[in-house]
Amino acid sequence: MKNKALVDRIGIKLLLILSILPFICILSPNLSTAQSIVLGVPISRGYPDGVDAERGITLAVEEINAKGGINVAGTMRPLKLEISDTRDLEPGVPVAEALLAVERLIIEKKANFIVGGPIRSEGALAAMDVLSKHKTVSILSAGVLSPAYHKRIAENYDKYKYCFRTTGSVVPMIGGAIGTFESIKAKKGFDKAFIMVQDVAHARAAGNALKEGLEKKGWKIIGYEIYPTGTTDFSVGLSKAKDGKAQYLIPWFDMPEVSILMKQWYDMKVPTLPIGYIHALQDEGTWKATDGKVASSVVLYAKAGSVATQAIPMSETFVSGHKKKYGIEPRSEWTSTSYTVVYILKDAIERAKSLEPDSIIAALEKTDMMGTYGRVKFDPKSHQIIENGDPKETAVGMWAQWIDGKRVVVFPDKIATRSLELPPWMK
Amino acid sequence: MNKSFGGVKAVDNVSFNVFKGEILGIIGPNGSGKTTLVNLITGFVKADSGAVFSEGTKLTGLTPDKIAGLGIVRTFQIPRPYHSLSAVKNLVVPLYSSRIMRTIGGKLGDRDTVALDILEEIGFERDAHVPYKLASAFSEGYLKRLELARCLALRPHVIIMDELFSGLSVSEIAAMIPLVERLQMNGITIMMVEHRVRELFQIAQRVMVMNFGEKIGEDIPEKILESEIVKQAYLGVT
Amino acid sequence: MNIFIFGLVNSIILALIASGFALVYGVSRLANFAHGALYILVGFATWLFLNRLGINYIVSILLSIIIVSVIGAGIYRLFLIRVKGMPASEIIASLALGIAIMELFRWRGFISEAYMLPPFVKGSVSIAGVMIDWQRLIIIGVGLAMMCSLWLFTHYTKVGLSLRAIAQDKHASMMSGIEPDRTAVISLAIGSALAGVAAVVILPLGNITVETGYMVLTNAIAVCIIGGLGSWAGVFAGAFLLGFAEILTAAFIGPQWQMVVVLLFIILTLILKPSGLLGKQKELEERV
């Protein structure tokens with residue numbers, strides 16, 4: 001008897017809810033606005049890089065939607081995120097997986113634009129054909145440092161004009177890096193370097209370019225070593241650096257195991273200044289996780305913005321917004337770039353007053369706005385973001401040093417908040 | 001009971017009884033299915049059909065360790081000691097088995113001493129040297145004794161001896177026979193698979209003869225020796 | 001001196017990583033391909049106890065090791081027991097479980113550089129002119145202590161003796177009333193605990209990633225193949241050979257050749273002595 005009464009009551013409630021539901025739908029303002037703009041985000045969600053990018057994009061989309069969305073020729077249209085896992089950073093996952101993810105976003109999810117990844121160069125390069133087949137505009141904002149990307153666009157503009165990239169390219173990055181090293185040399189007189197790179201295409205390219213560039217400027221390269229991804233012992237290389245009296249240790253790694261290198265460097269008290277692309281050390285949590293053994297390490301960020309600097313106002317609002325939403329500061333450069341990319345797209349859509357690919361492409365080519373990493377402008381022929389050392393003129397990368405548990409911007413000079421410090425055992 | 005290997009009937013409709021406290025000999029030419037029979041009883045191979053019972057408990061379907069746990073143990077034709085353990089430790093292994101823990105439990109006292117007692121009973125010198133040698137260092141005669149000793153350590157009520165006498169000299173066999181008889185006097189039921197028919201017939205109460213997987217005779221030793229069918233199968237062997 | 005000290009550390013790391021795998025294989029003839037997963041499981045579990053629940057470091061370590069040995073035992077009891085005696089199925093089943101465990105962590109978002117365990121003792125010391133951190137010295141200590149205690153365990157305890165017996169001759173030990181399933185459970189529990197010990201001493205050197213699990217499995221298998229599956233001395237021989245080979249390669253040829261040298265050793269071993277340095281060829285099966 002009791003049970004029956006219970007069933008009756010639940011039944012009545014259900015009926016009530018069902019009958020009210022249509023009214024809510026009609027009355028709800030959110031559901032009655034204009035059709036949303038779909039952003040397809042193909043990224044490797046199982047990896048920090050993918051998560052970082054996702055966070056940046058999500059934050060920007062929420063901010064924009066909170067203000068009513070994007071003004072497309074007079075109608076305010078909200079953004080809708082469709083995130084798809086490409087798994088392209090996972091070892092042994094074929095590129096086809098990433099391509100499927102991109103195509104699924106375009107066909108099934110009806111994505112108007114693709115932003116974010118794929119993150120691995122191999123996946124992104126292969127995705128270019130998919131994008132051009134479906135005439136879908138894409139702006140890369142995570143990973144993909146290979147110079148091949150913009151070279152391909154420049155060589156075959158008509159086919160690949162749908163692709164834009166804001167992340168960076170090894171060539172300008174190395175140019176900037178050599179400039180930075182030269183300025184340290186001018187101040188401290190250091191000219192002996194030991195280069196360690198990861199055995200992946202972009203890092204080897206960077207290592208070779210660095211070696212060549214520095215030698216041309218009269219530097220002595222004490223050693224140049226290539227480590228397979230997943231290496232867990234660097235003692236031999238560090239000993240060589242120490243014995244060779246190298247003053248710089250220049251690592252170029254995107255694997256997480258690089259924290260072992262820094263810990264070993266610290267424990268062996270190798271008298272060198274670690275400075276290079278050490279992706280795993282960008283995270284604010286690294287200090288605590290390594291017990292402060294990253295102290296004095298100088299880390300390159302392909303783009304500034306993930307550490308706030310007064311010189312770039314947007315970086316300050318972005319970092320505080322990120323902290324409010326996720327409880328931590330942005331972890332890597334890809335959060336900053338992926339945050340800005342949504343605003344770049346918003347700006348272009350509003351100027352184009354339409355979602356048509358051709359007018360969007362034209363608008364993007366004329367982009368001139370401030371982002372979290374300085375002034376955003378694309379090269380109209382290669383669709384590569386233009387970068388140099390001054391955030392007022394172009395996009396900038398950033399060198400941050402770990403000092404007393406904080407990431408402090410030390411280069412480029414225009415955005416630096418503090419000057420470079422040497423490890424205590426180097427003085 | 002039946003067992004075939006790839007179409008060859010290794011054991012073909014063999015049925016027999018062993019009575020408590022007796023010594024049953026099993027003879028037959030090479031390949032007649034004797035060892036397969038032993039493997040069937042002790043659970044090392046699964047029967048295609050048929051079953052083995054011991055005092056009402058069905059053994060078929062149990063794993064060898066469970067069967068051994070019930071007190072039905074065997075020796076191996078080629079001795080299989082734990083090569084890198086000493087003779088004493090070879091016995092300590094079964095002395096720690098769950099059967100011993102269950103039946104006698106903690107009252108057994110020092111395992112090494114118990115092991116030495118068993119070894120002595122089975123004909124090992126009780127000195128500071130021999131029982132502590134690694135099993136890999138023993139001669140065939142000792143290894144056969146070790147096989148038997150390891151069975152005894154489990155306090156079995158049935159021991160199946162798979163060609164215990166093979167590989168031994170006449171004098172070694174002569175020394176072994178009283179051992180087997182003593183085991184029988186202690187109330188252990190014994191099945192002996194043997195080639196050494198003459199020695200077997202001295203101690204066995206009954207003998208079963210196998211050929212091509214089939215049982216071709218079962219009787220007291222004297223009768224078996226006279227039987228025509230057995231003579232045919234064994235022509236020239238004895 | 002550098003090469004000697006870091007070669008020693010590297011070798012002991014390999015030995016620690018491989019010992020659990022080798023023990024399980026030696027006793028139960030079971031290649032536990034979930035070994036690497038159990039290794040990172042301990043890492044993540046310790047991290048969680050330490051950082052999420054705020055439990056004392058030592059207690060966290062002990063808890064995780066206990067948990068992983070229970071899981072190890074469970075893997076046999078629930079899964080592998082159903083496919084026992086079929087080596088291919090055992091490998092597939094344990095690898096599948098391992099991947100499931102590892103990818104579960106990835107799925108639950110355990111993918112940041114922040115997953116690191118603190119070293120037991122901070123700081124470093126200079127030994128013969130080589131700066132070395134305490135954690136690496138502790139690894140050497142724990143490695144040696146583990147070898148000794150394993151030796152004592154297998155030689156002087158009841159369970160250890162039955163493990164050795166079944167490792168030497170499965171059939172004979174069944175006739176001695178030893179239950180293979182029980183020893184397999186015990187061996188997996190101990191093997192998993194060994195993976196756990198290795199994890200908690202080695203992981204503070206770097207960080208805990210899902211990929212570590214795959215790498216640990218590969219290294220454990222490499223050491224066992226070279227040293228000889230199922231041989232204790234072989235594990236240490238294999239670990240020292242590989243450990244020093246890696247360091248020497250890094251010192252004189254270049255670190256990018258390390259993996260090539262490892263594979264070369266495996267191939268050479270398989271050609272010259274397929275059973276491994278100290279492994280024994282299988283004896284002739286008894287006639288049935």
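Trainee: In this predicted model, how many salt bridges are found across the interface of domain 2 of chain A and domain 3 of chain A?
Mentor: The criterion is a side-chain nitrogen of Lys or Arg within 4 Å of a carboxyl oxygen of Asp or Glu. Applied across the interface of domain 2 of chain A and domain 3 of chain A, the rule gives a count of two.

Trainee: How far apart are the closest N and O atoms of Arg407(A) and Glu329(A)?
Mentor: The domain assignment gives 33-168 + 311-376 to domain 2 of chain A and 171-301 + 397-426 to domain 3 of chain A. Glu329(A) therefore falls in domain 2 and Arg407(A) in domain 3. Their side chains form a salt bridge, with a closest N to O distance of 3.0 Å.

Trainee: Which classes of residue make up the side of domain 2 of chain A that touches domain 3 of chain A?
Mentor: Eight residue pairs are in polar contact across this interface, both residues being at pLDDT 80 or more. By class, the side of domain 2 of chain A that touches domain 3 of chain A has five charged residues, one polar residue and seven nonpolar residues.

Trainee: Which three residues supply 42% of the area that domain 2 of chain A buries against domain 3 of chain A?
Mentor: The centres of the two domains, taken over C-alpha atoms, are separated by 29 Å. Their contact takes 13 residues from domain 2 of chain A and 14 residues from domain 3 of chain A. The area buried between these domains is about 1200 Å², with 54% given by carbon and sulfur atoms. On the side of domain 2, the 42% share, more than any other three residues supply, comes from Leu145(A), Arg331(A) and Glu333(A).

Trainee: How many residues apart in sequence are the parts that Arg331(A) and Asp52(A) tie together?
Mentor: These two side chains meet in a salt bridge, at 2.8 Å from N to O. Arg331(A) lies in the loop between helix H12 (313-326) and helix H13 (333-352) of chain A and Asp52(A) in helix H2 (residues 48-66), so the pair joins parts whose separation in sequence is 279 residues.

Trainee: Are Arg331(A) and Asp52(A) buried or exposed?
Mentor: The threshold for buried is under 20% relative accessible area. Arg331(A) has 9% and Asp52(A) has 3%. Arg331(A) and Asp52(A) are therefore both buried.

Trainee: Where does Lys293(A) lie, given its salt bridge with Asp267(A)?
Mentor: The closest N and O atoms of this pair are 3.0 Å apart. Asp267(A) belongs to helix H10 (residues 258-267) of chain A, so the pair ties together parts 26 residues apart in sequence, and Lys293(A) lies in the loop between helix H11 (286-289) and strand E12 (298-301) of chain A.

Trainee: Which helix of chain C gives the largest share of the side that touches chain A?
Mentor: The area buried between chain C and chain A is about 2900 Å². The count between these chains is zero salt bridges, while four residue pairs are in polar contact, both residues at pLDDT 80 or more. The elements of chain C that give two or more residues include helix H1 (2-28), helix H4 (87-107) and helix H10 (232-252). The largest share, three residues, comes from H10(C).

Conventions:
Residues numbered from 1 in each chain as written. Chains lettered and ligands numbered in written order. Predicted model: local features only at pLDDT ≥ 70, side-chain atom pairs only at ≥ 80, totals over all residues. Heavy atoms only, no water. Contact = heavy atoms within 4.5 Å. Buried area = accessible area lost by both parts, 1.4 Å probe. Polar contact = N/O pair within 3.5 Å; in protein donor to acceptor, adjacent residues only side chain to side chain. Nonpolar A, V, L, I, M, F, W, Y, C, P; charged D, E, K, R; others polar. Helix = DSSP H or I, 4+ residues; strand = E, 2+ residues; numbered from the N terminus. Buried < 20%, exposed > 50% of the residue type's maximum accessible area, 1.4 Å probe, protein only.
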